[in-house]
Amino acid sequence: VSTRVEVLVGRWVPLKGTGGGVLVSGPYAKGALLDGGHEPQIAGGAMVGYRFARYELVVNVGLAYATEGIGSPGYVDSYQTKTTYDLGFSLRYDINQYYFSVGYKHNSNGEDVGLNFYGGKEHNPGIDGVFVGVGIRF
């Protein structure tokens with residue numbers, strides 16, 4: 001178990017009402033502290049979501065950069081690269097202006113699925129994580 005502190009900022013744009021809910025999309029940017037809070041990382045990309053009642057399903061796809069190789073030697077996930085794809089999905093539940101969130105995050109260079117288009121990403125088997133959090137809507 002490793003502590004991860006993350007602040008995500010996104011802007012939803014409603015696309016289409018369907019099936020009693022609304023399909024939404026928009027950009028996101030985040031800052032995170034990985035490896036137990038010692039490794040700064042920034043990321044940005046696009047989110048797509050589906051809002052229905054008090055629930056929201058969210059998928060994000062973007063690029064991330066960490067100041068050091070994520071999981072540097074000495075950590076469990078050693079020899080990670082600094083630049084990675086930032087992928088994830090989550091389920092959120094609204095409570096007034098707050099929301100409760102559970103989900104999955106993945107950072108890697110995509111080589112396992114043939115997506116290592118940028119050779120500078122080197123070898124990167126990926127870091128996976130499950131999270132639980134609380135957020136606030138402005």
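What follows is a conversation about how some labels on this predicted model are reached.

Biologist: What should I keep in mind about the numbering and the model?

Modeller: Residues are numbered from 1 along each chain as its sequence is written, and the model is predicted, so that local features need pLDDT of at least 70 and side-chain atom pairs count only at pLDDT 80 or more, while totals for chains, interfaces and linings use all residues. Side-chain values use heavy atoms, with hydrogens and water left out.

Biologist: Why is the pair glutamate 56 and arginine 137 called a salt bridge?

Modeller: A salt bridge is a side-chain nitrogen of Lys or Arg within 4 Å of a carboxyl oxygen of Asp or Glu. The side chains of glutamate 56 and arginine 137 meet at 3.1 Å, N to O, so the pair fits that rule. By this rule the count comes to eight salt bridges.

Biologist: What makes the pair a link between distant parts of the chain?

Modeller: Glutamate 56 lies in strand β5 and arginine 137 in the segment after β8, so the two parts tied together are 81 residues apart in sequence; strands here are DSSP runs (E, at least two residues), numbered from the N terminus. Salt bridges that share partners join Arg51, Glu56, Arg92, Asp94 and Arg137 into one network.

Biologist: Within that network, how do you know whether aspartate 94 and arginine 51 are buried or partly exposed?

Modeller: Buried means under 20% relative accessible area, exposed over 50%, and partly exposed in between (1.4 Å probe, protein chains only). Aspartate 94 has 14% relative accessibility and therefore counts as buried, whereas arginine 51, with a relative accessible area of 30%, is partly exposed. Their side chains meet in a salt bridge of 3.6 Å, N to O, which links strand β6, holding aspartate 94, to strand β4, holding arginine 51, 43 residues apart.

Biologist: And why is lysine 30 called buried or exposed?

Modeller: Lysine 30 has 5% relative accessibility, so it counts as buried. Its salt-bridge partner is glutamate 6, with the closest N and O atoms 3.5 Å apart, and glutamate 6 is partly exposed because its relative accessible area is 30%.

Biologist: What makes a set of residues such as Trp12, Val24, Tyr28, Met47 and Val58 a nonpolar core?

Modeller: A nonpolar core is a set of buried Ala, Val, Leu, Ile, Met, Phe, Trp, Tyr and Cys residues joined through side-chain atoms within 4.5 Å. Trp12, Val24, Tyr28, Met47 and Val58 form the largest such core, with five residues.

Methods:
Helices (H or I, at least four residues) and strands (E, at least two) are DSSP runs, numbered from the N terminus.
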